[in-house]
Amino acid sequence: MIGGGKIRLKGWQQAAVAVGSAVGALLDPRRADLIAALGETTGKPAFERVVERMKKSPEGRAVLLERPRVISAQVGHAWDLPANTFGAAYARFMGSRNFSPDDRPPVRFMETEELAYVAMRAREVHDFWHTLFGLPTNLIGESALKVIEFEQMYLPMCLMSVVGGTVRFTEKQRKLFFQHYFPWAIRAGMQSTDLMCVYYEKHFQEDLEDVRRKWGITPAPGAPNQDVP
């Protein structure tokens, strides 16, 4: 199912996976597989609502129909686009961090192929959102993006990730996050368009600032002490 085998769980098994994944992800936030499992086992109602919204949007319907994947074979051309474009900005973001679009864990716990695809899509557009909002991939940046993701999709996992992230902050990081990033993320998530209904790959050749304006995206604020890890 979207790169992995489908696993059917009974109610108590789903709860057990959710609890185990939550504990494991809190202990080791680098475990992308545990975070993914937590999102799937707690996020079915949220993903169902996302599907319904996508069906009401022309671009969202096109995404559901064509099921594009954010993998090297389909987005590799972004590396060849002019520097001012959204696609080139995404390529710089990925290249500067030595990230690969092929590294996302598969979806395993969704009941239908459509829900599995939407769960995978939410996972794969994460780096598009980093690029558009201008957020770093440190603990503060990831926590701020999870605030936006929660406002966009209402996934319980996003809220739990924010709570887990802030617990791990140093006092300096906590002050920076709640004074600068958290208020901005609340506003940014509310003001932007329904980002799950955007067919990003069809906008790669457009100017980055133009697509930000079109989608109502306000980049992250410059904050003091940018060297905070």
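The paragraphs below walk through a predicted model of a protein, beginning with its overall make-up and then turning to a few chosen places.

The protein contains 12 helices and zero strands, so the order of its elements, read from the N terminus on, is simply one α after another. Of its 229 residues, 48% count as buried. Among the contacts that join residues at least 6 apart in sequence, 73% link residues at least 24 apart. On the outside, the protein exposes about 10,900 Å², and carbon and sulfur atoms supply 57% of that area.

A good place to look in detail is helix α9. This helix has 15 residues and reaches 21 Å from its first C-alpha to its last, which is close to the 21 Å expected at 1.5 Å a residue. Helix α9 is mostly covered, since 12 of its 15 residues are buried, and among these buried residues are I140, G141, L145, V147, I148 and M153. Residues with other kinds of side chain, including S143, K146, E149, E151 and Q152, are also buried in α9. What covers the buried residues of this helix includes α3 (44–55), α7 (113–124) and α8 (126–133), together with α10 (156–168) and α11 (171–191).

Within α9, which spans residues 139–153, one residue worth following is E149. Its relative accessible area is 4%, and because a residue counts as buried when this value is under 20%, E149 is buried. The side chain of E149 makes a polar contact with the side chain of K146, at 3.0 Å, and K146 is itself among the buried residues of α9. When residues up to four places away in sequence are not counted, E149 touches H126, W129, Y154 and C158.

One of these neighbours, Y154, brings us to the end of the helix. Y154 comes just after α9 and lies in the loop between α9 and α10. Its phi is near 55 degrees, a positive value in a residue other than glycine. Y154 has a relative accessible area of 48% and is therefore partly exposed, whereas E149, which Y154 touches, is buried. A positive phi is also found at R67, where the angle is near 50 degrees and the residue is again other than glycine. R67 sits in the loop between α4 (58–66) and α5 (72–75), and with a relative accessibility of 34% it counts as partly exposed.

Beyond the loop that holds Y154, helix α10 includes V163. At 47% relative accessibility, V163 counts as partly exposed. Together with L159 and V167, V163 forms a nonpolar patch on the surface, and the three residues have about 270 Å² of accessible area together.

The last stop is H203, which is found in the loop between α11 and α12 (208–214). Is H203 buried or exposed? With a relative accessibility of 8%, H203 counts as buried, because that value is under the 20% cut-off. Its side chain makes a polar contact with the side chain of E59 at 3.0 Å, and another with the side chain of K214 at 3.4 Å. Leaving out residues up to four places away in sequence, H203 touches both of these residues as well as F86, V198, V211 and W215. Here, then, is a residue in a loop that is nevertheless buried, while V163, in a helix, is partly exposed.

Conventions
Residues are numbered from 1 along each chain as its sequence is written. This is a predicted model: local features need pLDDT of at least 70, side-chain atom pairs count only at pLDDT 80 or more; totals for chains, interfaces and linings use all residues. Side-chain values use heavy atoms; hydrogens and water are left out. Helices (H or I, at least four residues) and strands (E, at least two) are DSSP runs, numbered from the N terminus. Buried means under 20% relative accessible area, exposed over 50%, partly exposed in between (1.4 Å probe, protein chains only). A polar contact is a pair of N or O atoms within 3.5 Å; within protein, one must be able to donate a hydrogen and the other to accept it, and residues adjacent in sequence count only if both atoms are side-chain atoms. Contact means heavy atoms within 4.5 Å. Accessible areas come from the Shrake-Rupley method with a 1.4 Å probe; for residues, only the protein chains shown count as cover. The expected span of a helix is 1.5 Å times one less than its number of residues. Patches are made of residues with over 30% relative accessible area and no salt bridge: like charges are joined within 9 Å, nonpolar side chains (Val, Leu, Ile, Met, Phe, Trp, Tyr) within 5 Å. A salt bridge is a side-chain nitrogen of Lys or Arg within 4 Å of a carboxyl oxygen of Asp or Glu.
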